[in-house]
Amino acid sequence: MTKSERTSGGDVAIRVDARDAFGEEADNLHLCQRNGRYVGEVTGINKGSFFIRLDIGVNAVSHECRDMRMPSRKDTVNLTVTRVDEKNGVALGIINRII
């Protein structure tokens, strides 16, 4: 919890930082290396962006798929990490193939 406020009307506002609550994921982000290849499962798709949970415990986002088929939810994919975004706590990369 980063901040809590109480107004005169009796309302309570609480601000929580999820990165502080779930610090373990930030530790796993350091395991990700640029140009490293990792295996993970597609957890969601939204407007051409693929959200992937890597086996090492890191969330990843991919905007590109180099396989002829398009992955769907619950597919296991091979991802090459192109960048690690420590501010948002995700790895960015390219899906190479569907396993």
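Accessible areas here come from the Shrake-Rupley method with a 1.4 Å probe. On that basis, the predicted model exposes about 7000 Å² of chain surface, and carbon and sulfur atoms supply 47% of this area. Turning from the surface to the interior, buried residues make up 34% of the 99 residues in the chain.

The overall fold is easy to follow from one end to the other. The chain contains 2 helices and 7 strands. Read from the N terminus, the elements follow the order β-β-α-α-β-β-β-β-β. Contacts within the chain add to this picture: of those with a separation of 6 or more, 50% are accounted for by residues 24 or more positions apart.

A closer look at one strand helps a newcomer find a footing. Strand β4 covers residues 49-54, and Ser49 has its place there. Ser49 has a relative accessible area of 13%, and it is therefore classed as buried, the cut-off being under 20%. Apart from neighbours within four places in sequence, Ser49 is in contact with Gly44, Ser62 and His63.

The cysteines deserve a word as well. Cys32 has a relative accessible area of 7% and is buried. Cys65 also counts as buried, at 18% relative accessibility; this value qualifies because buried means under 20%. A disulfide is a covalent bond between the sulfur atoms of two cysteines. The structure holds 0 disulfides.

Technical notes
Residues numbered from 1 in each chain as written. Predicted model: local features only at pLDDT ≥ 70, side-chain atom pairs only at ≥ 80, totals over all residues. Heavy atoms only, no water. Disulfide = S-S within 2.5 Å. Buried < 20%, exposed > 50% of the residue type's maximum accessible area, 1.4 Å probe, protein only. Helix = DSSP H or I, 4+ residues; strand = E, 2+ residues; numbered from the N terminus. Contact = heavy atoms within 4.5 Å.
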